[in-house]
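Here are some notes on the model you sent, as numbered points. They start with the covalent link and go on to charged pairs, one loop residue and overall confidence.

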Amino acid sequence: MPLAFLAIALAAGSPPAAAPAAPDKPQRICRQGEQLVGSHIRTGRRCKTAAEWQAEDARKEAPAPSLRVTEGQNDGLPIPRPQ
């Protein structure tokens, strides 16, 4: 008899609540190290999301903020002396 009451109670009750869905983590993409121009030091493997890689690639492809050459800049050329 107690089993009948248990079966009725389970049938009348609400279905068990589903476990809350875990938030999806963005997939990380890893790139091998690269060597910077003018340096002998290589960077290690780096992992970022696709959006972060797109932002970094866009930043690298963008032109320099200023391509203006200023006077008195030590660029290795001899400085002309007034005579």
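**Notes on the predicted model**

1. Cys30 and Cys47 form a disulfide, with their sulfur atoms 2.0 Å apart. This is a predicted model, and the disulfide count in it comes to one. Cys30 lies in strand 1 and Cys47 in strand 2 (residues 46-49), so the bond ties together parts that are 17 residues apart in sequence. The torsion about the S-S bond of Cys30 and Cys47 is about 100 degrees, which means that the disulfide is right-handed.

2. Are the two cysteines of this bond buried or exposed? Neither term fits: Cys30 is partly exposed, with a relative accessible area of 34%, and Cys47 is partly exposed as well, at 27%. The cut-off for buried is under 20%.

3. The overall layout is brief to state. The protein chain has two helices and two strands, and along the sequence they follow the pattern α-β-β-α. Among contacts with a separation of 6 or more, 9% are between residues 24 or more positions apart.

4. Which residues does Glu56 touch, not counting residues up to four places away in sequence? They are Arg46 and Lys48. Glu56 is found in helix 2 (residues 50-61). With a relative accessible area of 6%, Glu56 counts as buried, because that value is under 20%. Buried residues make up 5% of the 83 residues in the protein chain.

5. Both of these contacts of Glu56 are also salt bridges. The side chains of Arg46 and Glu56 meet at 2.9 Å, N to O. That pair links distant parts of the chain, with Arg46 in strand 2, Glu56 in helix 2, and their positions ten residues apart in sequence. Lys48 forms the other salt bridge with Glu56, the closest N and O atoms being 2.4 Å apart. Arg46 is partly exposed at 28% relative accessible area, and Lys48 is partly exposed at 22%.

6. The two bridges belong to a wider set: Glu34, Arg46, Lys48, Glu56 and Lys60 are linked in a network of salt bridges. The salt-bridge count for the model comes to six.

7. Another salt bridge joins Asp57 and Arg31, with 3.0 Å between the closest N and O atoms. Asp57 is in helix 2 and Arg31 in strand 1, 26 residues apart, and the pair links distant parts of the chain. Asp57 is partly exposed, with a relative accessible area of 28%, and Arg31 is partly exposed at 33%.

8. Gln27 sits in the loop between helix 1 (2-12) and strand 1 (28-31). Its relative accessibility of 67% makes Gln27 exposed, because the cut-off is over 50%. Leaving out residues up to four places away in sequence, Gln27 touches Lys48, Thr49 and Ala50. Gln27 and Ala50 are 23 residues apart in sequence, and their C-alpha atoms are 7.6 Å apart in space.

9. The accessible surface of the protein chain comes to about 8,300 Å². Carbon and sulfur atoms account for 60% of that surface.

10. Where is confidence lowest, and where is it highest? Helix 1 has the lowest mean pLDDT, 62, and strand 2 the highest, 93. The protein chain averages 76, and 60% of the residues score at least 70. Where pLDDT is low, the predicted coordinates should not be read in detail.

Conventions
Residues numbered from 1 in each chain as written. Predicted model: local features only at pLDDT ≥ 70, side-chain atom pairs only at ≥ 80, totals over all residues. Heavy atoms only, no water. Helix = DSSP H or I, 4+ residues; strand = E, 2+ residues; numbered from the N terminus. Contact = heavy atoms within 4.5 Å. Buried < 20%, exposed > 50% of the residue type's maximum accessible area, 1.4 Å probe, protein only. Areas by Shrake-Rupley, 256 points an atom, 1.4 Å probe, with all protein chains shown as cover. Disulfide = S-S within 2.5 Å. pLDDT = per-residue confidence, 0-100. Salt bridge = Lys/Arg side-chain N within 4 Å of Asp/Glu carboxyl O.
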